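Me: Got a structure here and I'd like to go through its salt bridges. Can you walk me through how each label is earned?

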Amino acid sequence: MRLDKFLAISSIGTRKAVRDFVKQGKICVNNEKMLEPSIEIDESKDAITYLGEDVFLTPKVYYMFHKPAGCITARTDNNRKTVMDYFGMVNSKGLFPVGRLDKDTEGLLFLTNDGEFNHQLMYPENHVEKTYFFWAFGSLDKLDLERLQKGISISETEPLTKPAIIQVIKEGLYDDLKGEMDIGDLINKKKNLYHQKVVCGYLTISEGRKHQVKRMLKSVGCFVVYLKRISIGHVQLDKALEKGSFRRLSSEEVDKLVNQ
């Protein structure tokens, strides 16, 4: 087995992280420092250490988490609440979020200690689809929908986004739909919102650029005020899972994600 693959599935870190560890001289094989991540090892015989600590293949765990708004997707933070703060009763050694959600974005997030699982879902060339539900100020006409579906410019320094799937659910005036929107006290700050157009729907993308959904909708004149990820690949957020709650992924769900 390749050294970097062994380290990734041994809960040391993501595939990218463990490659850096090797290149930084933090990994030894049979007491010899290794600097090449792709070297082949015999995981049943070779002694592998990370910063002097033995590394073993560990049982893999996979969690589905319903991320609430207000916490950040990180393992630790000195000033802000993180998603890991909701896993206080769980042995979180080696556990990390798969990808990320913005602080104000809710919804589906996976956490695992399996670096290969993370690689499978986050590697851009695998094109794993992620679907988001949104509320936004603005409207979407036929041309806007076509631009989003074909690929749209969200920055002068980036290529067009990959083709997306957009489905509009409702459109109308804020005054008529405000009871269905979850935008906090925004209306108290902007009194003229009552006569503004709003739209909600689903956007499915297969990339993971920073703030991508918000930037895509902004490019067609829509300002996102609520965003929730509802699915990754073929696995949807469990509707029975309340915000801030988590559960183990079933073996069937894990299979759907790694074999799609």
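Reply: Sure, here are some of the charged pairs, each set against its definition. Heads-up: this is a predicted model, where local features need pLDDT of at least 70, side-chain atom pairs count only at pLDDT 80 or more, and totals for chains, interfaces and linings use all residues. Residues are numbered from 1 along each chain as its sequence is written, and side-chain values use heavy atoms, with hydrogens and water left out.

Me: Why is the Lys16 and Asp20 pair called a salt bridge?

Reply: The rule asks for a side-chain nitrogen of Lys or Arg within 4 Å of a carboxyl oxygen of Asp or Glu. The closest N and O atoms of Lys16 and Asp20 are 3.7 Å apart, so the pair qualifies. By this rule the count comes to 16 salt bridges.

Me: What makes Asp102 buried?

Reply: Buried means under 20% relative accessible area, exposed over 50%, partly exposed in between (1.4 Å probe, protein chains only). Asp102 has 10%, so it is buried. Its salt-bridge partner Arg100 (2.9 Å, N to O) has 46%, so Arg100 is partly exposed.

Me: How do you know that Lys170 and Glu180 tie together separate parts?

Reply: Their closest N and O atoms are 2.4 Å apart, which makes a salt bridge. Lys170 lies in strand 9 (residues 165–173) and Glu180 in the loop between helix 5 (174–177) and helix 6 (186–189), so the pair links parts ten residues apart in sequence. Helices (H or I, at least four residues) and strands (E, at least two) are DSSP runs, numbered from the N terminus.
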